[in-house]
Amino acid sequence: MQRVVFDFDVISPYAYLAFERLPAALEGLSHHVEYRPLLFAGLLKHWGNTAPVAVAPKKAWLFRQCAWLAERDGVVFRPPTPHPFNPLSLLRLLVASMPAGSHPNRRVVELAMRHVWARDGGDPNEPEALRLLADAIAPVRDPAGAEVKAELQARTAQAAEAGVFGVPSFRLDDGTLFWGTDSMPMLADEMRRRQAG
């Protein structure tokens, strides 16, 4: 069974679309996906990059493209207002959903992703909506605790050290990296080649 590390931040519409499409993209392959939340802003800072949404025409394009991709793939897509937003509460909730050193499961990631991208287009940090999400996720650690905050920072740094420069990214055990939703067919082809031996 091949392990796929899925590096993501809930702030990214492309990460959301990749999350929704990944099971179909890897269908027929013996695999296990390890979901790893990180802070996209931390990656941008590490590599000296600017957020795509910081460039107005690029932001307009990416939301137009994501809406088209979602419609093509039958994925609910209701972008939040505002965007960008601060994803730290959501990311810390994901990290807090499991014991230290382990990774959130698909159900928990799905709850967070759909909270941002498939709800009513509202503010993902609205207190009541965030409370309901936390109730559904039922974290085993304090999302606002120092341990969880430090772990999210460490996860982001570890991803950068592994060469991750954007989200969504996919990594195989030997470190081979695939970036972006459009890299999933390439990822699947590589996995098929390895599975065939």
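## Pro84 and its surroundings

Does Pro84 count as buried, partly exposed or exposed, and at what relative accessibility? In this predicted model, Pro84 has a relative accessibility of 45%, so it counts as partly exposed; the partly exposed class runs between the 20% and 50% limits.

As for where to find it, Pro84 sits in the loop that links helix H3 (56-73) with helix H4 (88-96). Leaving aside residues up to four places away in sequence, Pro84 touches Ile11, Val53 and Lys59. You can also check its position against Ala54: the two residues are 30 apart along the chain, and their C-alpha atoms are separated by 8.9 Å.

## The nonpolar core

Let's turn to the interior. The largest nonpolar core is made up of 59 residues, and Phe8, Val10, Leu26 and Phe170 have the most contacts inside it. Helix H1 (residues 13-25) supplies the largest share of this core, with 7 residues.

Phe170 is a good residue to click on. Not counting residues up to four places away in sequence, its contacts include Val4, Val5 and Phe6, along with Ala18 and Leu22. Phe170 also touches Thr176, Leu177, Phe178, Gly180, Ser183, Met184 and Leu187.

## A nonpolar patch on the surface

Which residues make the nonpolar surface patch of about 330 Å²? They are Trp47, Phe165 and Trp179.

Phe165 belongs to the loop between helix H7 (146-161) and strand S3 (169-171). Its relative accessibility is 34%, which means that Phe165 counts as partly exposed.

Key
Residues are numbered from 1 along each chain as its sequence is written. This is a predicted model: local features need pLDDT of at least 70, side-chain atom pairs count only at pLDDT 80 or more; totals for chains, interfaces and linings use all residues. Side-chain values use heavy atoms; hydrogens and water are left out. A nonpolar core is a set of buried Ala, Val, Leu, Ile, Met, Phe, Trp, Tyr and Cys residues joined through side-chain atoms within 4.5 Å. Buried means under 20% relative accessible area, exposed over 50%, partly exposed in between (1.4 Å probe, protein chains only). Helices (H or I, at least four residues) and strands (E, at least two) are DSSP runs, numbered from the N terminus. Contact means heavy atoms within 4.5 Å. Patches are made of residues with over 30% relative accessible area and no salt bridge: like charges are joined within 9 Å, nonpolar side chains (Val, Leu, Ile, Met, Phe, Trp, Tyr) within 5 Å. Accessible areas come from the Shrake-Rupley method with a 1.4 Å probe; for residues, only the protein chains shown count as cover. A salt bridge is a side-chain nitrogen of Lys or Arg within 4 Å of a carboxyl oxygen of Asp or Glu.
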